[in-house]
Amino acid sequence: MTANNLEGIPAPLRDRSRLFILPNLSATDAIAHFDRLTAGCEWQAERDRCRIFIERMSTRPEGISLRQIGKLVEALRDPVAPLYQ
């Protein structure tokens with residue numbers, strides 16, 4: 001089982017579980033993960049904007065998750081089609 005916050009998990013369940021408290025991703029690690037996922041992507045300007053966003057999010061108390069980085073990669077690979085063609 002995983003959780004982003006221990007407060008919502010009842011104490012009896014926590015007592016029976018082995019807890020691993022992981023630190024937030026550092027900006028360096030988060031950007032490196034993003035770069036691995038987007039290797040070969042042609043959209044350099046968009047990748048650069050995503051890197052800046054990841055770096056900013058990494059400095060916030062809640063940080064940025066691998067899931068959020070994955071969502072950025074999905075958006076970069078599959079942009080929304082223009083409304084008018």
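Reader: At what angle do helix H2 and helix H4 pack, and how far apart are their axes?

Author: In this predicted model, helix H2 (residues 27-37) and helix H4 (residues 66-77) pack at an angle of about 35 degrees, and their axes lie 10 Å apart. The crossing in which H2 passes H4 is right-handed.

Reader: Which residues of H2 and H4 make the contact?

Author: From H2 come Ala30, His33, Phe34 and Leu37, while H4 brings Leu66, Ile69, Leu72, Val73, Leu76 and Arg77. By class, the residues of this contact divide into 8 nonpolar, 1 polar and 1 charged.

Reader: Why is Cys50 called buried?

Author: The relative accessible area of Cys50 is 12%, and buried means under 20%, so Cys50 is rightly called buried. Cys50 also belongs to the largest nonpolar core, which has 11 residues in all, among them Ile31, Ile54, Met57 and Ile64.

Reader: Which helices each supply at least two residues of this core?

Author: H2, helix H3 (44-58) and H4 each do so, and the largest share, 4 residues, comes from H4. Met57, itself a member of the core, touches Gly63 and Ile64 when residues up to four places away in sequence are not counted.

Reader: What makes Cys41 a cysteine that is in no disulfide?

Author: The nearest cysteine sulfur to that of Cys41 belongs to Cys50 and is 8.6 Å away, whereas a disulfide requires sulfur atoms within 2.5 Å; the pair therefore does not qualify. Cys50 is likewise in no disulfide, and the structure holds 0 disulfides.

Technical notes:
Residues are numbered from 1 along each chain as its sequence is written. This is a predicted model: local features need pLDDT of at least 70, side-chain atom pairs count only at pLDDT 80 or more; totals for chains, interfaces and linings use all residues. Side-chain values use heavy atoms; hydrogens and water are left out. Axes are lines fitted to C-alpha atoms, for helices over the stretch in contact, and angles run from 0 to 180 degrees between N-to-C directions. A crossing is left-handed if the near helix is turned anticlockwise from the far one by less than a right angle, and right-handed if clockwise. Contact means heavy atoms within 4.5 Å. Ala, Val, Leu, Ile, Met, Phe, Trp, Tyr, Cys and Pro count as nonpolar, Asp, Glu, Lys and Arg as charged, and the others, Gly among them, as polar. A nonpolar core is a set of buried Ala, Val, Leu, Ile, Met, Phe, Trp, Tyr and Cys residues joined through side-chain atoms within 4.5 Å. Buried means under 20% relative accessible area, exposed over 50%, partly exposed in between (1.4 Å probe, protein chains only).
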